[in-house]
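Let's take a walk through this one together. Have the chains up on your screen and be ready to zoom in and out as we go.

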Amino acid sequence: MFRLTESPRLSEFERKVLPHLDAAYNLARFLMRNEQDAEDAVQEASLRAFRFFDSFRGENSRGWFLSIVRNTSFTLMKKRDPEEMNVVFDEELHSGQVPMMDAGIALDRAQDRQTVRAAIEQLPPEFREAITLRELEGASYKEIADIAGVPIGTVMSRLARARRQLQLILSQTK
Amino acid sequence: MNHHEIRELLHAYADDELDLVNVREIEQHLRACDECRRIEEQIRALRHALNNDAPAYRAPARLRRNIRAALRREAKATERNFSPWFVFATGAAFALILFVFVFFQTNRASRGNAIVDQVVDNHVRSLLATHLVDVASSDQHTVKPWFDGKVDFAPDVHDFAMSGFPLFGGRLDYLDGKTVVALVYQRNKHPINVFIMPATGSSDSSPALSNRRGYNLFHWTRRGMEYWAISNLNEAELRQFIALLAR
């Protein structure tokens, strides 16, 4: 009865946060590795972000929103697939050295997007996160560090290892 | 930096995350080191593949719609009863009530304290300046008419000599910004001042004792009149006197 407008809080949220829905879904999709779980994670994260919107004071609404999406996804992952969190990429199995092949060959093999997506999905969750944010969303090391809640040095080493593994997977893909 | 350290930084180099000094050093090393150059090319090829094949997913329209609907429901549920205006109005009302309450409480308390001090001052002054009474008489029929025309009310004046509290006289005094009646009684050389004035409220109150600077004070309201009695007499005897006066 005292309302003058149609929730200014909601329209501000829609203006500042919802433009990052594609980035949010992309991150959740690579973390959850299937459509339904990714949609659940993003939907839940959006509601959580809206509830905590008053506490958001920064400039970087994308980073803020993505960190909520990321945390929601990891929580959901632990609930739905506890095994997944314990999977450690077997670097021994994928033999430490990247074959010294021509860069062009790797490129040819990775031509189709499904191959690349499947390759990313073979990485451990933290590596999927680093690769998705860096290569697909163009986030800086600092931004990734803020979203994942780890030091920049950790981001750097995760990215280095993730790329090495991706190269291995792609070089072994037929 | 040696070869090993440079290898560690090649990813940060390819990602443009290094400062100019490190970039220069790495570029110098790359010109000389085949292994590092190949690693760097692989990183760039991989990045190229990831960007070119655009494997990024885009949010389905269905998800977008669902989220907007859920947000609208959430906004309604949380904001219908607690809109900012409602919260503001409720808060303001409570603040006002609290303020008024505190204001009157402190006002009343400070007024009470100020009057007690004035009563004591008046009492002490009446003893010092040998100005105990304007009209010296133990006859209530002399004292009471004396106040006629001097104050705008008619105080009860009684002599309690039979009970050991003889009336000594009366005078005009000044209390709480008003001219008041002061009656003086005597009990074995202990003077008792009784100040009488019209009460501000209408309700009666029974005598309440307080102590200030060694004096005993009683304060009560009766039939629209406010009474202050003060003396250095002991509490028990003063209470006897009050019982007579407030009868």
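A:Arg70 is a buried arginine: its relative accessible area is 12%, and buried here means under 20%. Keep in mind that we are looking at a predicted model. You'll find A:Arg70 in helix H4 of chain A, which covers residues 61–80. So what does the side chain of A:Arg70 make polar contacts with? One partner is the side chain of A:Asn71, at 3.1 Å. Another is the side chain of A:Glu129, at 2.6 Å. Leaving aside residues up to four places away in sequence, A:Arg70 touches A:Leu27, A:Leu31, A:Glu129, A:Ile147 and A:Ala148. A:Glu129 thus turns up both in that list of touching residues and as a polar partner of A:Arg70.

Now zoom out to where the two chains meet. On the chain A side, 52 residues are in contact with 40 residues of chain B. The size of an interface is often given as the accessible area lost when the parts come together. For chain A and chain B, the buried area is about 4700 Å², with carbon and sulfur atoms giving 60% of it. As for polar links, 16 residue pairs are in polar contact between chain A and chain B, counting pairs with both residues at pLDDT 80 or more. Which elements of chain A give two or more residues to the side that touches chain B? They are helices H1 (8–16), H2 (21–32), H3 (35–51), H6 (103–109), H7 (113–121), H8 (125–136) and H10 (152–172) of chain A. H3(A) gives the most, with eight residues. Sorted by class, this side of chain A has 30 nonpolar, 15 charged and seven polar residues.

The charged residues deserve a stop of their own. Over all chains, the structure holds 29 salt bridges, and nine salt bridges are found across the interface of chain A and chain B. Take B:Arg64 and A:Asp22, whose closest N and O atoms are 3.0 Å apart in a salt bridge. This pair crosses between chains, running from helix H4 of chain B (residues 61–79), home of B:Arg64, to helix H2 of chain A, where A:Asp22 sits. B:Arg64 is partly exposed, at 27% relative accessible area, and A:Asp22 counts as partly exposed too, at 23%.

Next, find A:Arg134 in helix H8 of chain A and B:Asp15 in the loop between helix H1 (3–14) and helix H2 (20–32) of chain B; these two lie on separate chains, so the pair joins two chains. Their salt bridge has its closest N and O atoms 3.1 Å apart. Are these two residues buried or exposed? A:Arg134 is buried, and B:Asp15 is as well. B:Asp15 also meets A:Arg163 in a salt bridge, at 2.8 Å from N to O. A:Arg163 lies in helix H10 of chain A and B:Asp15 in the H1 to H2 loop of chain B, so this pair also joins two chains. Both B:Asp15 and A:Arg163 are buried. Through shared partners, salt bridges join A:Arg134, A:Glu135, A:Arg163, B:Asp15 and B:Arg47 into one network.

Let's finish with the strands of chain B. Eight of the 10 residues of S3(B) are buried, so the strand is largely enclosed by the rest of the structure. On one pairing, strand S2 of chain B (residues 167–175) runs antiparallel to S3(B), with eight bridges joining them. Look for B:Arg171, which stands opposite B:Ala182 in S3(B). S3(B) also pairs with S4(B) in the antiparallel sense, over seven bridges. There, B:Val181 has B:Ile196 of S4(B) as its bridge partner.

The turns are worth a look as well. Most residues other than glycine have a negative phi. The hairpin of S2(B) and S3(B) has two residues between the strands, and B:Asp176 in the turn has a positive phi of about 55°. S3(B) and S4(B) also form a hairpin with two residues between them, with B:Asn188 in the turn at a positive phi of about 50°. B:Asn188 counts as exposed, at 59% relative accessibility. Further along, B:Arg223 sits in the loop between strand S6 (215–222) and strand S7 (225–231) of chain B. B:Arg223 has a positive phi near 50° and is exposed, at 62% relative accessibility.

Technical notes
Residues are numbered from 1 along each chain as its sequence is written. Chains are lettered from A and ligands numbered from 1 in the order in which they are written. This is a predicted model: local features need pLDDT of at least 70, side-chain atom pairs count only at pLDDT 80 or more; totals for chains, interfaces and linings use all residues. Side-chain values use heavy atoms; hydrogens and water are left out. Contact means heavy atoms within 4.5 Å. Buried area is the accessible area (1.4 Å probe) that two parts lose on being put together, summed over both. A salt bridge is a side-chain nitrogen of Lys or Arg within 4 Å of a carboxyl oxygen of Asp or Glu. A polar contact is a pair of N or O atoms within 3.5 Å; within protein, one must be able to donate a hydrogen and the other to accept it, and residues adjacent in sequence count only if both atoms are side-chain atoms. Helices (H or I, at least four residues) and strands (E, at least two) are DSSP runs, numbered from the N terminus. Ala, Val, Leu, Ile, Met, Phe, Trp, Tyr, Cys and Pro count as nonpolar, Asp, Glu, Lys and Arg as charged, and the others, Gly among them, as polar. Buried means under 20% relative accessible area, exposed over 50%, partly exposed in between (1.4 Å probe, protein chains only). Two strands pair if DSSP finds at least two bridges between them.
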